[in-house]
Number of protein chains: 4
Amino acid sequence: MSLSNRIVVEITEMPKLRNPTLVCGLPGSGFVGKLAVDHLIEELKGVPFANIYSSSFPPQVLIQSDGTADLMKNTLYYCKTESSDLVLLSGDAQPVSPESEYEMAEEITKLCEKLGVKTIYTLAAYITGAFTKTQKVYGASTSPQIVKEFPKYGVYPMNSGSITGMNGLIIGVAKRKNITGICLLGETSGYVVDATASKSVLETLATILDLNLDLVGISKKAQDTEQLIKTIKEQMGGRQSPESLAIPQHDKKLGYIS
Amino acid sequence: MSLSNRIVVEITEMPKLRNPTLVCGLPGSGFVGKLAVDHLIEELKGVPFANIYSSSFPPQVLIQSDGTADLMKNTLYYCKTESSDLVLLSGDAQPVSPESEYEMAEEITKLCEKLGVKTIYTLAAYITGAFTKTQKVYGASTSPQIVKEFPKYGVYPMNSGSITGMNGLIIGVAKRKNITGICLLGETSGYVVDATASKSVLETLATILDLNLDLVGISKKAQDTEQLIKTIKEQMGGRQSPESLAIPQHDKKLGYIS
Amino acid sequence: MSLSNRIVVEITEMPKLRNPTLVCGLPGSGFVGKLAVDHLIEELKGVPFANIYSSSFPPQVLIQSDGTADLMKNTLYYCKTESSDLVLLSGDAQPVSPESEYEMAEEITKLCEKLGVKTIYTLAAYITGAFTKTQKVYGASTSPQIVKEFPKYGVYPMNSGSITGMNGLIIGVAKRKNITGICLLGETSGYVVDATASKSVLETLATILDLNLDLVGISKKAQDTEQLIKTIKEQMGGRQSPESLAIPQHDKKLGYIS
Amino acid sequence: MSLSNRIVVEITEMPKLRNPTLVCGLPGSGFVGKLAVDHLIEELKGVPFANIYSSSFPPQVLIQSDGTADLMKNTLYYCKTESSDLVLLSGDAQPVSPESEYEMAEEITKLCEKLGVKTIYTLAAYITGAFTKTQKVYGASTSPQIVKEFPKYGVYPMNSGSITGMNGLIIGVAKRKNITGICLLGETSGYVVDATASKSVLETLATILDLNLDLVGISKKAQDTEQLIKTIKEQMGGRQSPESLAIPQHDKKLGYIS
């Protein structure tokens, strides 16, 4: 294997799954998707079976808490639940150039074909630019049928705009391989790492997939988020937007993509 | 088909056409070209026959009004009019890098060779930076013979400068395949989505191609543009340039490339 | 031929030359090199024999004074003088990305191998950032022997720094093909299109190559440059640098690379 | 050989070495690594045996003190010491794009496999943003075993963050080829070319590798650095950060990457 081949997929074990569904949570605005999928991996005891390396990830190694260094990568996990088999995708980064984002979406959906995946969920952030009281979950899909079912699950259908980056491309490329793509977007200000939005998205996903999911861990993180937002609002006084504030970082390890 | 191959052309039906002419209207300054070609597609009942996908389009999916998501693409339509057969090119985006713009121009002109296209028109914006009273149409061509005929149709020949992006490259690459290239540029301030400029370009094109074209739809949009410019001018008072104004967007769905 | 192959060389006629020398003058700071080589082409009646197109040139067509449009390109000319055979390289642009600059240098030196070129001169600008009274010509070479001969021709050897872009890469890549590379750099402020610097470089080149060269044309342009600099200096009053002045463009057609 | 192949390795002589260790010192923040490795090359009389050229290095030639010009390159040296055989990597530049950094790391580690290298050290800067009194050396490794041994050599293990550029990628890619990677980072403000940090890193490396190393040369340069920092601190008065100062360049030839 050579990283001159831009994308390298290393599979340690190809799991046998029944009609699995892929759920993607890559790092992005507010880390909404990543926090959600990392919670799924933990709660559902996801088993890692493949790493994806790419020369289009940021050129650096990440230092782990034990002092060891490793290239940036995305990792695939599988888990078998009562209701359905799941494949979970988490990772350190998204590719850094437009063309390599398309390539990565192609690679991930190709792997989905091999695994028999029929439906892909990408979990993302719906940025409002303001701290709202609601915690809506928005949705878009490559299938008009799915869009019609959104209200049944309390999902607000998007009807304009775009979904940028891997969360959009994965479902767009999936459509061309006859895999249904759905993006669930948690409403977030865009100013903080937002576990509250992650929790809302997870609740919606659990309902749709009929998952029996313990949400204690993500609920605790959501309380931290709410406390942080409360603090910021107090600093803001009557102002409408926190843009001019020095916002404390909620999670130093994750960092924050504004 | 795989999007790792940068550009993918998906043809649903290869039409049989007599000496067809291609008219391109991709999104660009003021959406002059795109509005014009979209009007042609509607009025002449263009039949879509090919989609062009590319990993050099912006990495995102667009959400349609029905809530469904699709990759960005360019689409080719054909229509048979009394005077001539036309191929019409419209799309969501232009490629994001210089090299992929050349590749896309190569791909489009290759398709033109297969369709027997002998002449290509690209519809573009001639940016003045100011609101003018005139609605001139400028022109450039790869053929000196065509340039000489411009005044006959009220087209002002350009004699310096450059035409950037796909509107320039498509005719430049076409020349190297012995296809005549013509660019018609509608005079526009560059500050608003300008249906008035689109209308002028369409009138000129209809005259050149001897098209019987209903312009009611674009005329209505042109009235909206004129109303918008009037409002901006009032806000400007005596100032020469609207650059410091917060300009309201004419068409939120299209957005605006400044 | 397809521009998907990044660089395309179209040769209309491969000239037979005796130990030819290549002189390159691509657009760059102050247009020092381009003005000089364009003068050589005119005075020595250079015969064009090859065009180089590239998808790494800026994505646009240039409009000629007769209203016709063409892709950006570099062009090679040959001429046989009493003292030696010359190949002259002029062009509309340099490639836009680092990697494509290396590729272009590779392509040009490959062509040199086929033509039997043993020595390459690139003509460039030595930017001082100030209007100086002197018109020095600096030099660098891949051959220490040549560097030793510089003072004989009034050339000041550089002894640190770098030569960026095609002027540097062409001689660097040439060295690896056992072709001697020499860069002559005309001292210039970097603020204006500088025909005076071009003239100095041409005088030096003519001496080295023992060329019988009429310099009337470039001398006239040099007078324009001197007049322009005089005007700017008057506007500057006692200030040291013209950076804060609105500097009139000397040659609108060429534009100006600051 | 053609530079269209992005990376070209030219080997003049493939040395036979016993379990060699590679030490890399490419130009980066404070030139900490480059100064250190250049000192090793000088003191241990390293023999150059391979040059690496790449179209992803900055597109320019460097002018040597004798007036000659050459493409940017990385160079590999070998030396046989009493304790162990070493391969030393120094160079003019790092690649300019993320993808070509991965490719270069791949190429260098491939060469390591051929040479039988089992361990790679990259020497880097640990930027603090302030002038500190200490001269700590930090470390990270692909091997948890090595991390545990760090305190024995006075190396502070990193436990979060990332190592960007070639210093990180080389050890990350090496890990995937079963070569142990270690990065030693000298504490530096990030504001000056810092030979003091280089000296600290060299002392640590000499201890780990049991090298008998004369440090007189680098110690002299370290004194210059200390003098420079003292001058800056005086200019700063009571201020905390030197960011707003015009900082004199310590080493004009090396330049400075801020």
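Q: Which residue in β8(C) is the bridge partner of Val23(C)?
A: The model is a predicted one, and in it Tyr121(C) of β8(C) is the bridge partner of Val23(C). The strands concerned are β2 (residues 21-24) and β8 (residues 119-127) of chain C, which pair in the parallel sense over four bridges.

Q: In what order do the nine strands of this open sheet in chain C come?
A: The order is β1-β3-β6-β7-β2-β8-β12-β9-β10 (chain C), with mixed pairing. At the edges are β1 (7-11) and β10 (155-157) of chain C, each of which pairs on one side only. From one strand to the next, the twist averages 25 degrees.

Q: Which strands does helix α2 of chain C lie across, and which does α5 of chain C lie across?
A: Helix α2 (residues 98-115) of chain C lies across β1, β2, β3 (47-54), β7 (85-91) and β8 of chain C, and runs at about 25 degrees to β1(C). Helix α5 (residues 195-209) of chain C lies across β2, β8, β9 (137-141), β10 and β12 (180-188) of chain C, at about 145 degrees to β12(C).

Q: Next, a sheet with strands from two chains. Which three strands form the open sheet that has β4(C) in it?
A: The order is β11(B)-β4(C)-β5(C), and the pairing is antiparallel. β11 (162-164) of chain B and β5 (69-71) of chain C stand at the edges with a single partner strand each, so one side of each has no neighbour in the sheet. Neighbouring strands here are turned by 30 degrees against each other on average, direction ignored.

Q: Which residues stand opposite each other in this sheet?
A: Across the chain boundary, β11(B) and β4(C) pair in the antiparallel sense over three bridges, and Ile163(B) stands opposite Val61(C). Within chain C, β4 (residues 60-63) and β5(C) also pair in the antiparallel sense over three bridges, with Leu62(C) opposite Asp70(C). Helix α4 (residues 166-175) of chain B lies across β11 of chain B together with β4 and β5 of chain C, at about 85 degrees to β5(C).

Q: How many residues of chain B and of chain C are in contact there?
A: In general, the size of an interface is often given as the accessible area lost when the parts come together. Here the contact is described by residues: 20 residues of chain C are in contact with 27 residues of chain B. On the side of chain C that touches chain B, the elements giving two or more residues are β4 and β5 of chain C. The largest share, four residues, comes from β4(C). By type, this side divides into nine nonpolar, eight polar and three charged residues.

Q: What does the contact between chain A and chain B take from each chain?
A: Chain A gives 27 residues and chain B gives 20 residues. On the chain A side, α2 (98-115), β9 (137-141), α3 (144-149), β11 (162-164) and α4 (166-175) of chain A each give two or more residues. That side divides into twelve nonpolar, ten polar and five charged residues. β11(A) pairs with β4 (residues 60-63) of chain B in the antiparallel sense over three bridges, and Ile163(A) stands opposite Val61(B).

Q: What turn and shift lay chain A on chain B?
A: Two copies of a chain are related by a rotation about an axis and a shift along it. In this case a turn of 90 degrees and a shift of 0.0 Å along the axis lay chain A on chain B with an RMSD of 0.0 Å. The two copies are thus related as by a four-fold rotation axis. The C-alpha of chain A nearest the axis is that of Ser97(A), 7.5 Å from it.

Q: What is chain A made of, and how much of it is buried?
A: Chain A has six helices and twelve strands. Of its 258 residues, 51% are buried. Among contacts in chain A between residues at least 6 apart in sequence, 73% join residues at least 24 apart.

Q: Is Ile52(A) buried or exposed?
A: The cut-off for a buried residue is 20 or more other C-beta atoms within 10 Å. Ile52(A) has 20 such neighbours inside 10 Å, and therefore counts as buried. Ile52(A) lies in strand β3 (residues 47-54) of chain A. Leaving out residues up to four places away in sequence, Ile52(A) touches Ile7(A), Val9(A), Lys73(A), Asn74(A) and Glu107(A).

Q: What span should helix α1 of chain B have?
A: At 1.5 Å a residue, the twelve residues of α1 (residues 32-43) of chain B should span 16 Å, and the end C-alpha atoms are 17 Å apart, which agrees. This helix is mostly covered, with nine of its twelve residues buried; among them are Leu35(B), Val37(B) and Ile41(B). Just after α1(B), Lys45(B) takes a positive phi of about 50 degrees.

Definitions and conventions. Residues are numbered from 1 along each chain as its sequence is written. Chains are lettered from A and ligands numbered from 1 in the order in which they are written. This is a predicted model: local features need pLDDT of at least 70, side-chain atom pairs count only at pLDDT 80 or more; totals for chains, interfaces and linings use all residues. Two residues are in contact if their C-beta atoms, placed from the backbone, lie within 7 Å. Ala, Val, Leu, Ile, Met, Phe, Trp, Tyr, Cys and Pro count as nonpolar, Asp, Glu, Lys and Arg as charged, and the others, Gly among them, as polar. Two strands pair if DSSP finds at least two bridges between them. Axes are lines fitted to C-alpha atoms, for helices over the stretch in contact, and angles run from 0 to 180 degrees between N-to-C directions. Copies are superposed by least squares on the C-alpha atoms of residues with pLDDT of at least 70 in both. The expected span of a helix is 1.5 Å times one less than its number of residues.
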